[in-house]
Amino acid sequence: MTEPLTTETTPIAIDLHKELAETQVAEVLDELDRELVGLVPVKTRIRQIAALLVVDRVRRRMGLTSETPTLHMSFTGNPGTGKTTVALRMAEILHKLGYIRRGHLVSVTRDDLVGQYIGHTAPKTKEVLKKAMGGVLFIDEAYYLYRPENERDYGQEAIEILLQVMENQRDDLVVIFAGYADRMDKFFRANPGFRSRIAHHIDFPDYTDAELMDIGEMMLKSLSYHFDAGGAAAFRDYIAARRKQPHFANARSIRNALDRMRLRQANRHFEQTGLVTLNDLMTITSDDVRASRVFMQSEAKPD
């Protein structure tokens with residue numbers, strides 16, 4: 001059992017909350033709370049990882065035996081659930097705590113890593129890794145790297161390079177894989193080398209209707225718009241209807257819907273005669289919402 005570190009007379013006492021504050025990580029965590037609605041399990045896990053790294057940092061400073069924690073991660077969930085935003089904040093946290101040199105995020109997909117002919121994949125993958133060194137490499141829809149049905153596919157070459165770098169240069173690069181949960185699970189089963197190198201598997205749940213409403217209102221507020229009472233009621237109905245349709249992408253679909261509602265609002269004002277007030281220009285009404293194809297009765301297409 002390790003004896004407590006002491007001065008000549010008293011044990012050394014560490015204020016971990018002060019340590020967190022001095023690194024400014026607490027500010028990043030608070031910003032994450034402000035910019036993302038809901039996602040309580042995700043935010044809790046990020047705070048737990050931050051706590052682990054603060055303790056590890058203190059232990060190393062105090063001369064205790066320590067091995068850098070494995071920091072590669074997997075983010076699973078449907079589109080529009082905040083995975084990229086959390087990855088950005090994770091890069092900030094790791095940089096502020098000294099686990100990566102630069103704190104930048106390089107976001108890529110299969111096309112950025114895999115070539116179309118022999119000899120093309122290795123240079124592409126290595127160039128991406130070079131850009132990402134000292135930061136975080138975020139690979140979205142990572143399961144597309146593995147295509148066993150195609151014997152001439154070059155994704156396996158990129159996989160082998162990634163595995164090697166994740167193991168040998170883990171002190172200078174953190175890799176985050178992202179995608180649908182079921183497809184990511186199949187990907188890891190087919191490539192067990194990845195699973196053994198990933199310590200943190202974080203699932204991003206879909207937003208509830210109420211959370212999507214909050215997200216919509218926050219997005220509008222950031223653009224100096226707001227719903228009137230009828231617009232808000234209509235948008236709640238829109239959310240309930242839209243999420244039942246194909247290709248729903250959580251917050252991403254909400255953002256796209258608001259863009260179209262702003263377009264309809266602008267055209268509504270141009271079609272009217274007379275002057276408009278500042279409040280008119282800021283208000284989204286029921287008409288702006290219910291003109292969406294989502295409300296069509298028969299075979300409605302996503303709007």
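This briefing describes a five-stranded sheet, a helix lying across it, and a pair of crossing helices. The model is predicted, so local features need pLDDT of at least 70 and side-chain atom pairs count only at pLDDT 80 or more, while totals for chains, interfaces and linings use all residues. Residues are numbered from 1 along each chain as its sequence is written, and side-chain values use heavy atoms, with hydrogens and water left out.

**Sheet**
- Five strands (DSSP runs of E, at least two residues, numbered from the N terminus) form an open sheet in the order β2-β3-β4-β1-β5 with parallel pairing, where pairing requires at least two DSSP bridges between two strands.
- The edges are β2 (105–108) and β5 (200–204), each with a single partner strand, so one side of each has no neighbour in the sheet.
- Within the sheet, β3 (residues 136–140) and β4 (residues 174–179) pair in the parallel sense over five bridges, and Phe138 stands opposite Ile176 in β4.

**Helix across the sheet**
- Helix α4 (residues 83–96) lies across β1 (73–77), β2, β3, β4 and β5, running at about 160° to β1; helices are DSSP runs of H or I with at least four residues, and angles run from 0 to 180 degrees between N-to-C directions of axes fitted to C-alpha atoms, for helices over the stretch in contact.

**Helix pair**
- The axes of α10 (residues 209–222) and α12 (residues 250–271) come within 10 Å and cross at roughly 45°.
- Leu212, Ile215, Gly216, Met219 and Leu220 in α10 meet Asn250, Ala251, Ile254, Arg255 and Leu258 in α12, contact meaning heavy atoms within 4.5 Å.
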